[in-house]
Amino acid sequence: MPEIGLNHYLVLSAILFSLGLFGVLTRRNAVVVLMGVELILNAANLNLIAFSKYNGTMSGVMFSMFVIILAAAEAAVALAIVLNVYATFKTVDVGEIDTMRE
Amino acid sequence: MENFDFGAFAYQAIFYLFALIIVVSAAMVVFSRSIIYSAFSLLFTLFGVGAMYVYLSADFVAVTQIVVYVGGILILLLFGVMLTNKITQERLLTDVFNIVPSLVIMLAILGAILYTFLYRAKWHAGQERTTTVVEPIGYEVMTNYVLPFEIVSILLLVALMGAAYIARSEKKFGLEKRSN
Amino acid sequence: MRLFATIAPDALAASAAPVAADNAWVKALESFEVAGVPVGVWAIPAIPLVFIAVYALYVGVYGERKVSAFIQDRIGPNETGKWGLLQTIADILKLIQKEDVVPAAADKPLFVLGPLIVFVGAFAAFAVLPFSSAFIGADLNVGVFYAVSIVSVEAVGILMCGWGSNNKWSLFGAVRSVAQVVSYEIPASISILVGVMMAGSLSMQKIVMSQSGEYGILHYAVFQSPVAWLAMIIYFISALAECNRAPFDIPEAESELVSGYFTEYGGMKFAMIFLAEYASMFMTSVILSVLFLGGWNSPLPNIGPVALNDWTNGPVWGAFWIMLKGFFFVIVMMWVRWTLPRFRVDQLMYLCWKVLTPFALLTFAFAAVWELYVR
């Protein structure tokens, strides 16, 4: 078996990214779409840290720390919005939320 | 079997095991019909990615991932699932739409990314970093990245206040109030 | 860089540490091979697992029953075996041979996986607990932070148990319990940071070694800073809340929600959740004693020719000291349980957000200033 190298991590993060993208494109429930977005963010983080290791610099790791922090803030605000959508429309199905009325 | 390097074999075997955990649980997140199973499979995906960070010598980021993603975002998502569905029904099923076009797009993008990364890009390889990352992160945060650090703390405060305000419950929740 | 230099761990090597943390027993176990197969490696996690089982049975269940009995002015179990020592064995035999009931309406995968994740969350932190200078499962560079993170995994396991039971009361108990655990992580983490700042490292063995010295107890972190005692108290209260122990045991109080999130569990699954609670009690006690009370260092000082500190320091003595400190705080937790009444949910949240968190932040700021400009 070949040694674990940069390519292994790139392939893994590409697969994770495409699965997250599929989730965002396909699912009807808003919370599951958010889960897909989290998968995409994790794939990007994995990529950043893999490059940081094989390049020797620290900027990849710092970038990915800030990505983790901002993902947390974004998830909190997004879920607050989803709760409001549920209170207004009584559903979180993204196909049904199609009017701009109160 | 006399030259069998157990250590290197274990290293690679566990790497492939974690990669398998990540891919299988991410597939369950995306393809499962029950929302709760999606949420709990996300736990395994996040753990697997954390393990990958340890392989990449970024131990502090791995532990941060567990604390923030598993202990924060995943619990938020679980509460989101529980609060936006009627919990009295047993299976929360949801169906998917546009499977075939999305599948085509997903495979096309996956193929394009892999082709570009593996065959076309000429990655500049430097000295591999093998030391722990705790002290360099502390050093960088206090010297080169002070401004993003401070701005992120203000941003977290704003996000906290905004989310708490948007999600306050006294104005329009017509449902029975959940405990707590 | 003044800031960087003050927390450099090189200063620790300069202090006269009588015992160096060389992890000798683990290294010996790792190289123990039978015909080329590294058998000893499997013994390393087995030792803490056996320890948890024995501790949870004796100090946990039996100790709790006896302590609660003495506090309530009665005797407790004294029929089976001398002083009731075989009572716990009888309890375990009963739990093992119980029928493994999974309710028909329950979500079977989640119902089965929930207790496993709770137990893994409690047990995984034992890998970084320094049982002695010669035995620590994994001396991670981020040891303390790792122990904090594993507690978060337990919270997800609790939600899994609650949802998998398919029972409204279990779900409410689980949601309340998770809200409590997640809220109290904040003052707990800030107090841990105070201890870490004083030691200058996140690695458990380095934190313990920074508290070793000639005068025994005077080198402990709780005496090195004027606010360390406050951080210790805040961490102890938050640890009580994180383990769902009284007076914060709304989720598992019998009079509240039947049994909270483990209403539907019986037999071995219940035993696993129960063991996980005692394991996390011990874990938080050990983290408290490592950060603030010197870990496996002996408290006896070297008084002239009577070198008590040197006599009572060593690999085996270290294990004795840390077990003593850990068990002491476990007994204090039990003592508090049977003395104080239970908090109401809103009082619990008030205590966390309006009392403990501001005090923790003030302690953190004061301790940081003290570290920078005085030590």
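A residue counts as buried if 20 or more other C-beta atoms lie within 10 Å of its own, as exposed if 12 or fewer do, and as partly exposed in between. Because Ser57(B) has 18 other C-beta atoms within 10 Å, Ser57(B) falls in the partly exposed class. The model is predicted, and the points below take up its chain contacts, one helix of chain A, and residues with a positive phi.

**Contact between chains A and B**

- Chain B contributes 72 residues to this contact, and chain A contributes 60 residues.
- On the side of chain B that touches chain A, at least two residues come from each of helix H1 (6–31), helix H2 (35–55), helix H3 (59–83), helix H4 (99–120), helix H5 (134–143) and helix H6 (146–166) of chain B.
- H3(B) provides the largest share of that side of chain B, namely twelve residues.
- By residue class, the side of chain B that touches chain A is made up of 51 nonpolar, 16 polar and five charged residues.

**Contact between chains B and C**

- Here 29 residues are drawn from chain C and 22 residues from chain B.
- On the side of chain C that touches chain B, helix H1 (2–6), helix H7 (143–164) and helix H8 (168–199) of chain C are each represented by at least two residues.
- Eleven residues of that side belong to H7(C), which gives the most to the side of chain C that touches chain B.
- The side of chain C that touches chain B comprises 24 nonpolar residues, four polar residues and one charged residue.

**Helix H3 of chain A**

- Helix H3 of chain A covers residues 59–89, and its 31 residues should span 45 Å at 1.5 Å a residue; the C-alpha atoms at its ends are 44 Å apart, so the expected span and the model agree.
- Just after H3(A) comes Lys90(A), which adopts a positive phi of about 60°.

**Residues with a positive phi in loops**

- Most residues other than glycine have a negative phi.
- Ser57(B), which is not a glycine, nevertheless has a positive phi of about 60°, and this residue sits in the loop between H2 and H3 of chain B.
- Asp73(C), likewise a residue other than glycine, has a positive phi near 65°, and its position is in the loop between helix H4 (40–71) and helix H5 (87–96) of chain C.
- Asp73(C) counts as exposed because it has 6 C-beta neighbours inside 10 Å, whereas Ser57(B), with 18 other C-beta atoms within 10 Å, is partly exposed.

Definitions and conventions. Residues numbered from 1 in each chain as written. Chains lettered and ligands numbered in written order. Predicted model: local features only at pLDDT ≥ 70, side-chain atom pairs only at ≥ 80, totals over all residues. Contact = placed C-beta atoms within 7 Å. Helix = DSSP H or I, 4+ residues; strand = E, 2+ residues; numbered from the N terminus. Nonpolar A, V, L, I, M, F, W, Y, C, P; charged D, E, K, R; others polar. Expected span 1.5 Å × (residues − 1).
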